[in-house]
Amino acid sequence: ADLVAPDDQTDGRLQWAFRKVDATLLLVLVVQNTLNSMDRSNLGLSKVVGLEKDTGMSGNDFNMVASLMYPTYLLFMLPSNLTLRRVGARIWLSAITIVWGVVNMCMAFAKNRTDLILCRLFLGAAESGGTPGALMLIALWYPRSMVMSRVALFYTAFAIGTTIGGPIATGLSNIRNPRFPKWGWIFFIEGLVTVGFGLVMFVLLADYPEKSWQLNAEEKLLIRQRMDADQVEGGHRKVNTRRLLVHARDPLIYAQALIMFGAGFGGITITLFSSIIIKQLGYTAGQSQAMQAAPGLCGFVGILVSRYYPRWFRSHYAGTLFCSAWLIGGSVILLATTNNGARIFALCMLAFGAFGCTGVGPGWLLTNAGGPTRSAMGSALSVACIGLASLIASFIYRNRDEPRYLLGHAINLGAGIFNVATATVAYSIAVRRNKQKDNQPVDISRLSCDDIADLENDHPDFRY
């Protein structure tokens, strides 16, 4: 819905129930995603302390290793999301978190490029269900008016991981123990923490509100009634194959998901390459790891405030344009100057815009999900677009382009312009469809209750 949804703060009991969901479900998902972000960015942080040299890599070997996580990430994403619907979030998200923690620990034992490639392939498969599964849960636990803010809070985890990952990596790489090289301790200890949190997730997560042990009977009923009023099935209705095919032909869902494609280039620039870019400005390995926190913090602020854009700008579309302007501005400065201070500031601008788009994009898409089928497809598509962008972006900052990396910065500029175009297309489609619903509403008087529920976005009362 591009217009701001009604306020859900009028009922104090309902508000308290959702605050409990925030403090349990949402907090668990944010911590999981923070660990996910740290595990992904470890490769770039390890490069500045000798990973490339110790494993005998040269040329574009590092870029290839970085990229090979994403083919399996994309391949297993939709099956993983559908498996979550079958076995439940509590089991599936906990299991894949433990697995990707173990894979990260294994990277500490890598001796050469082949070892790293195998680990990255397994890591992509394990992580493929984490983010789309979490997004689908958010869409099924919260009414549409709350989805945008909760998605934005969820995505702050990427920036949090980038912010704290650099300083933590600096500390871990100073461990003087011959069991692992400096970079090995980064992988091993952070992977071990991820495994431990996966076990905690098994205790704290619930598949949907009725199964939550943190909510009492009245709170479960209030949430159920609110979701019914919002025409969102809170985890009860299965994914409808016929509706899945209908959504697969819908240009709107692709236009909104492609916003994440444009944002993904800036995201991978900050999470994987920012410490490498900063080191090429003349700083030491330890300084560059620690200074990664600056763009990471700006990315955190960008996502955090993005939850308010629909209220401030009265439109998800305008919020997307605002974030894209920061992404474009940062890229222009990086291309135009060689001043260290200006370039670090530009990285902060790029992070603010890219991570802001990461907050607005999925919120806009999932706010337009009228049922579990579109939620499942929308969440998988948005994360698939990030994965595809990350696969491509793994090759845009090459050793041969240092220290200015003009190719990478130019591609980020193009990604920002691309976001403006795709957001405009999505907005135009949504406006046109709402007018059609007003002028030519669908007659549902002869449909069964199940058929009406399966209409999802085509329901006459649904508005984009």
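Over the ring of which residue does the charged end of Arg179 sit? I looked this up in a predicted model. The ring belongs to Phe180, and the charged end of Arg179 is 4.9 Å from its centre.

**Entry 1: Phe180 and its ring partners.** I stayed with Phe180 and checked its accessibility. Its relative accessible area is 7%. I noted Phe180 as buried, because buried means under 20%.

Next I looked at aromatic pairs. I described each pair by two values, since a pair of aromatic rings is described by the distance of the centres and the angle of the planes. The count for the model is 22 aromatic pairs. One of these is Phe109 with Phe180, with ring centres 5.0 Å apart and planes at 80°. I called this pair edge-to-face, because planes over 60 degrees apart count as such.

I then asked where the two residues lie in the chain. Phe109 is in the loop between α6 (89-107) and α7 (113-127). Phe180 is in the loop between α9 (144-172) and α10 (182-204). They are 71 residues apart, so I wrote that the pair links distant parts of the chain. Phe109 has a relative accessible area of 39% and is partly exposed.

Phe180 also pairs with Phe188. Here the centres are 5.2 Å apart and the planes stand at 35°, so this pair is tilted.

**Entry 2: other rings.** I found a second charge over a ring: the charged end of Lys47 sits over Phe62, 4.6 Å from the ring centre. I also recorded one aromatic cluster, formed by Tyr308, Tyr309, Trp312, Phe313, Phe322, Trp326 and Phe352.

**Entry 3: nonpolar cores.** Which residues touch the most other members of the largest nonpolar core? I listed Leu43, Leu93, Trp141, Tyr142 and Tyr155, out of 102 residues in that core. Helix α13 (residues 251-279) gives the most to this core, with 12 residues. Another core lies apart from it and has 11 residues, including Leu252, Ile259, Ala430 and Tyr464. My side note reads that nonpolar side chains tend to be buried together in soluble globular proteins.

I looked up the contacts of Tyr142, leaving aside neighbours within four places in sequence. Tyr142 is in contact with Phe18, Val21, Asp22, Leu25, Leu26, Val147, Arg150 and Met227.

**Entry 4: Asn434.** Is Asn434 buried or exposed? Its relative accessibility is 17%, so I entered Asn434 as buried. Asn434 lies in helix α20 (residues 406-439). Not counting residues up to four places away in sequence, Asn434 touches Arg463 and Tyr464. I had already listed Tyr464 in the core of 11 residues.

Conventions: Residues numbered from 1 in each chain as written. Predicted model: local features only at pLDDT ≥ 70, side-chain atom pairs only at ≥ 80, totals over all residues. Heavy atoms only, no water. Phe/Tyr/Trp six-rings, centres within 6.5 Å; stacked < 30°, edge-to-face > 60°. Helix = DSSP H or I, 4+ residues; strand = E, 2+ residues; numbered from the N terminus. Buried < 20%, exposed > 50% of the residue type's maximum accessible area, 1.4 Å probe, protein only. Lys NZ or Arg CZ within 6 Å of the ring centre and 35° of its normal. Core = buried A, V, L, I, M, F, W, Y, C linked by side-chain atoms within 4.5 Å. Contact = heavy atoms within 4.5 Å.
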